[in-house]
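Biologist: Please put the model up, and I will go through it with questions. I would like each answer to show its reasoning and finish on the value or name I asked for.

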Amino acid sequence: PIPHAQWPESIMKARAAVLVALAVAAEAADSKTLVNFPGSEKWVENNDPVMGGQSHGNWSIVDNSFGRFQGTVKNVTFLHAPGFCRAMTISPFFKDASAYLEGGLLLTARTATPSFQGFKMSFGALHAPQHHGGHEIEGSFKAKFTVPASQNGEWQSVFLKFNEFSSDWSDYTGECSSKDPDGYQHKCCSQDAPEVCPSEKYLKGINSFNIWAEGVEGDFELDIKEIAADAAGSRLMVV
């Protein structure tokens, strides 16, 4: 056989093109875009509805390229309730992420407030179980996250494993590790509590996304460029 170093230039270029195509195909198999912007989904912003709630925020699409979620969270101390703001989808859709059960959601995001500790992501699904004390028609799975600081506005990749989400989150904190004032201990996804974990059945019918700023007082600003289902954080990078 002819050594690689002696291959004609045309063969070398063709070989390189094949390798690139294979790499792109492998990445496509490892990841699936669920939401990007402007996209077909309609988003609105919603603040805590309790009497005396003072949190406020807004949602906008910037340059037809990404969503910007910003505002201020203020807790409602006398009601022992966390303040919250959330950006939420309201248009009908179904997203199938069931092939990525062992992976999670990969957010392409950046924040001007990296010290803010109240960011959470939730997604709804057909027949998802409601959390204790929940008042919404359909249950959802929620997990908290943080976004690393960007030095020059670069995008960050934030990977949330599906087994970090729980359907049994508290209305008082937004978290699955909390105990409510009525004594109920919420449950996080684990081998001991598989009933609160996202399953293939639920991931097959995702029908809403919510991005939360919840339970932590302060100003926040978060840009979201993409939400993808990912096998194992295969596209983790700073761009």
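Biologist: In this predicted model, how far apart are the sulfur atoms of Cys-176 and Cys-188?
Modeller: A pair of cysteine sulfur atoms counts as a disulfide within 2.5 Å. Cys-176 and Cys-188 form such a disulfide, and the torsion about their S-S bond is 95 degrees, a right-handed link. Both cysteines sit in the loop between β9 (156-161) and α2 (200-203), 12 residues apart. The distance between their sulfur atoms is 2.0 Å.

Biologist: Is Cys-188 buried or partly exposed?
Modeller: Buried means under 20% relative accessible area and exposed means over 50%, with partly exposed in between. Its partner Cys-176 has 14% relative accessibility, so Cys-176 counts as buried. Cys-188 has a relative accessible area of 30%, and therefore Cys-188 is partly exposed.

Biologist: What is the handedness of the disulfide of Cys-189 and Cys-197?
Modeller: The sulfur atoms of Cys-189 and Cys-197 are 2.1 Å apart, and the two form a disulfide. Cys-189 counts as buried at 18% relative accessibility, and Cys-197 counts as buried at 12%. The torsion about their S-S bond is about 105 degrees, so this disulfide is right-handed.

Biologist: What is the pairing when the bonded cysteines are numbered in sequence order?
Modeller: The structure holds 2 disulfides. One of them joins Cys-176 to Cys-188, and Cys-189 is bonded to Cys-197. In sequence order the pairing is 1-2, 3-4.

Biologist: Turning to charged pairs, how many residues apart in sequence are the parts tied together by Arg-86 and Glu-136?
Modeller: The side chains of Arg-86 and Glu-136 meet in a salt bridge, at 3.2 Å from N to O. Arg-86 lies in strand β5 and Glu-136 in the loop between β7 and β8 (140-144), so the separation in sequence of the parts they tie together is 50 residues.

Biologist: Which of those two side chains is partly exposed, with a relative accessible area of 32%?
Modeller: The cut-off for buried is under 20%. Arg-86 has a relative accessible area of 11%, so Arg-86 is buried. The partly exposed residue, at 32%, is Glu-136.

Biologist: What is the N to O distance in the salt bridge of Asp-96 and Lys-204?
Modeller: The salt-bridge criterion is a nitrogen to oxygen distance within 4 Å. Asp-96 counts as partly exposed at 30% relative accessibility, and Lys-204 is partly exposed at 46%. The side chains of Asp-96 and Lys-204 meet in a salt bridge with an N to O distance of 4.0 Å. The pair links the loop between β5 and β6 (104-111), which holds Asp-96, to the loop between α2 and β10, which holds Lys-204, and their separation along the chain is 108 residues, at that distance of 4.0 Å.

Biologist: In which strand does Lys-144 lie?
Modeller: Lys-144 forms a salt bridge with Glu-175, with the closest N and O atoms 3.6 Å apart. Glu-175 is in the loop between β9 and α2, 31 residues away in sequence, and Lys-144 lies in strand β8.

Biologist: What is the relative accessible area of Lys-144?
Modeller: Exposed means over 50%. Glu-175 counts as partly exposed at 23% relative accessibility. Lys-144 is exposed, and its relative accessible area is 52%.

Biologist: What is the volume of the second largest pocket?
Modeller: This pocket is lined by 14 residues, and among those nearest its centre are Glu-136 and Ser-208. The elements giving two or more residues to the lining are β5 (84-89), β7 (119-125) and β10 (206-214). By class the lining has 4 nonpolar, 7 polar and 3 charged residues. The volume of the pocket is about 170 Å³.

Biologist: Which strand gives the most to the largest nonpolar core?
Modeller: The largest nonpolar core has 40 residues, of which Met-121 and Phe-209 touch the most other members. With 5 residues, the strand that gives the most to this core is β11.

Terms used:
Residues are numbered from 1 along each chain as its sequence is written. This is a predicted model: local features need pLDDT of at least 70, side-chain atom pairs count only at pLDDT 80 or more; totals for chains, interfaces and linings use all residues. Side-chain values use heavy atoms; hydrogens and water are left out. On a 1 Å grid over the protein atoms alone, a cavity is a set of points where a 1.4 Å probe fits but cannot get out, and a pocket is an open set with protein on both sides within 12 Å along at least five of seven lines; lining residues have an atom within 4 Å of a point. Grid points are joined across faces, edges and corners, and a volume is the space filled by probe spheres set on the points. Helices (H or I, at least four residues) and strands (E, at least two) are DSSP runs, numbered from the N terminus. Ala, Val, Leu, Ile, Met, Phe, Trp, Tyr, Cys and Pro count as nonpolar, Asp, Glu, Lys and Arg as charged, and the others, Gly among them, as polar. Buried means under 20% relative accessible area, exposed over 50%, partly exposed in between (1.4 Å probe, protein chains only). A nonpolar core is a set of buried Ala, Val, Leu, Ile, Met, Phe, Trp, Tyr and Cys residues joined through side-chain atoms within 4.5 Å.
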